[in-house]
Amino acid sequence: RCTAVTVNSLAKFFHIQEITSAGIVPVYNTQVIEYLQKRGLRLIPVKLPPNTNVINFINTHRRGAYYISTSGHAMSLINGQLFDAAEMGGDNRIILSAFQIER
């Protein structure tokens, strides 16, 4: 599931507990946000220009950790590296929401 890959990449980066059981995988954006916040991370909404796609976001956010979502999909971007369970890489998918993650 894309949310497990996303959460675990951020958990590894911030040295917090990773998801190890399928029963606790967050499914929706709100659950991902809640999971990360409960582990002491702060999610700061990123203001996006209209129709920002994944490749543009990657190119303009080379440093830091981010949680991003597109239609029906979640990914993380950590210091310019995209963690995407679909392995589609930087493409033209439109980002619906993005959060910068901080401890």
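The legends below describe close-up views of a predicted model. Residues are numbered from 1 along each chain as its sequence is written, and side-chain values use heavy atoms, with hydrogens and water left out. In this predicted model, local features need pLDDT of at least 70 and side-chain atom pairs count only at pLDDT 80 or more, while totals for chains, interfaces and linings use all residues.

**View 1. The sheet is open, has 5 strands and follows the order 1-5-2-3-4.** Its pairing is antiparallel; two strands pair if DSSP finds at least two bridges between them. Strands (E, at least two residues) and helices (H or I, at least four) are DSSP runs numbered from the N terminus. Strand 1 and strand 4 (81-83) are the edge strands, each pairing on one side only. From one strand to the next, the twist averages 30°. Strands of a sheet pair through backbone hydrogen bonds, either parallel or antiparallel.

**View 2. Strand 2 (residues 65-70) is mostly covered.** Of its 6 residues, 6 are buried, where buried means under 20% relative accessible area, exposed over 50%, and partly exposed in between (1.4 Å probe, protein chains only). In a regular strand the side chains alternate between the two faces of the sheet. On one side of strand 2 are Ala65, Tyr67 and Ser69, and on the other Tyr66, Ile68 and Thr70, all of them buried.

**View 3. Strand 2 pairs with strand 3 (residues 73-78) and with strand 5.** The pairing with strand 3 is antiparallel, over 6 bridges. These two strands form a hairpin with 2 residues between them, and Gly72 in the turn has a positive phi of about 70°. The pairing with strand 5 is also antiparallel, over 5 bridges. Tyr66 stands opposite Leu77 in strand 3, and has Gln100 as its bridge partner in strand 5. For Ser69, the bridge partner in strand 5 is Ser97.

**View 4. Helix 1 (residues 2-14) packs on the sheet.** Helix 1 touches strand 2, strand 3, strand 4 and strand 5; contact means heavy atoms within 4.5 Å. The direction of helix 1 makes about 20° with that of strand 3. Axes are lines fitted to C-alpha atoms, for helices over the stretch in contact, and angles run from 0 to 180 degrees between N-to-C directions. Helix 2 lies across strand 1, strand 2 and strand 5, and runs at about 165° to strand 2.

**View 5. Glu34 and Lys38 meet in a salt bridge within helix 2 (residues 29-38).** A salt bridge is a side-chain nitrogen of Lys or Arg within 4 Å of a carboxyl oxygen of Asp or Glu, and the structure holds 4 of them. For this pair the N to O distance is 3.2 Å. The two residues are 4 apart, about one turn of the helix. Glu34 is partly exposed at 42% relative accessibility, whereas Lys38 is exposed at 62%.

**View 6. A salt bridge joins Glu102 and Arg42.** Their closest N and O atoms are 3.1 Å apart. Glu102 lies in strand 5 (residues 97-102) and Arg42 in strand 1 (residues 42-45), so the pair ties together parts that are 60 residues apart in sequence. Glu102 is partly exposed, with a relative accessible area of 28%; Arg42 is partly exposed at 47%.

**View 7. Asp91 and Arg93 form a buried salt bridge.** The closest N and O atoms of the pair are 2.8 Å apart, and both residues are buried. Salt bridges that share partners join Asp84, Asp91 and Arg93 into one network.
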